[in-house]
Amino acid sequence: SAEGAVSVMGVNPSHLDEGEEKHFYTKLGVFYQNGALLNSLTVGENVALPLQQHTDLPEEMIERLVRLKLRLVNLEGTYNMLPSSLSGGMLKRAALARAIIMDPPILFCDEPGSSLDPVSLASLDNLILNLQKLLGITIIMITHEVSSIFRVADRIVFIDKGRLIFEGTLDKALSSDNKALKEFFRKGRGE
């Protein structure tokens, strides 16, 4: 049986009461694979949701913060647009703006590049890296996109069939003798 504890920013979430847990989770940004934007709300309203739900900031301040985050992801002109009018890459960036609206120290990205063409994927990876440097956030990315791993990864955790089989730097992953890891990188490069 697997036993142990998970600690995030020095806190074990399973030991928190309901109020502490709610506050804790506001410190984590989540960038969902499909964006998870609400189609009935404008881009600005979607990005504003976490601030409206978890802060007492006045609406004018929320709007200013939303416009700033949209500018950071190169979506200045989309505040009043509906998600249905955005391209796939723009939807991803709008979802990224919402994920960082609360200035989280940790951003979880779940297959952020899924369904993007190679050029849009590279652009999104570079945007994520720029935000990481600009905002000083830690990014944890789940991805099977080898090109993204080469662009973004500092450290890699490789899970195969539900088991952790590698943890370390990209260089160590590339020089590893692990068959599953070697096959992953070989096929990901199209070899």
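**Exercise 1. List the buried residues of α2 and say what covers them.**

Start with α2 itself: Val43, Gly44, Asn46, Val47, Ala48, Leu49, Pro50 and Leu51 are buried. Buried here means under 20% relative accessible area, exposed means over 50%, and partly exposed is in between (1.4 Å probe, protein chains only). Helices (H or I, at least four residues) and strands (E, at least two) are DSSP runs, numbered from the N terminus. Next, look at the cover, which includes α3 and α4; contact means heavy atoms within 4.5 Å.

A quick word on the model: it's predicted, so local features need pLDDT of at least 70 and side-chain atom pairs count only at pLDDT 80 or more, while totals for chains, interfaces and linings use all residues. Residues are numbered from 1 along each chain as its sequence is written, and side-chain values use heavy atoms, with hydrogens and water left out.

**Exercise 2. Work out which side of α3 is buried and which residues sit on the opposite face.**

Step one: Ile62, Val66, Lys69 and Leu70 are the buried ones in α3. Step two: they span an arc of only 100 degrees around the axis, so they're on the same side of α3; the arc is that of the directions from the helix axis to the C-beta atoms. Remember that an α-helix has 3.6 residues a turn, so residues three or four places apart point the same way. Step three: flip to the face turned away from the buried side, and you'll meet exposed Glu60 and Arg64. The cover over the buried residues of α3 includes α2 and α4. Just past the end of α3, asparagine 74 has a positive phi of about 60 degrees.

**Exercise 3. Find the residues with the most partners in the largest nonpolar core, and the elements that build it.**

A nonpolar core is a set of buried Ala, Val, Leu, Ile, Met, Phe, Trp, Tyr and Cys residues joined through side-chain atoms within 4.5 Å. This one has 29 residues, and those touching the most other members are Phe31, Val47, Val66, Leu70, Val73, Leu96 and Leu107. Two or more residues come from each of α2 (43-54), α3 (59-72), α4 (88-100), β2 and α5 (118-135). The largest share, six residues, is from α4.

**Exercise 4. Place cysteine 109 in the fold and list what it touches.**

Cysteine 109 belongs to strand β2 (residues 106-110). With a relative accessible area of 1%, cysteine 109 counts as buried. Leaving out residues up to four places away in sequence, cysteine 109 touches Phe31, Ile139, Ile140, Met141 and Ile142. Finally, its C-alpha is 6.0 Å from that of valine 30, which is 79 residues away along the chain.
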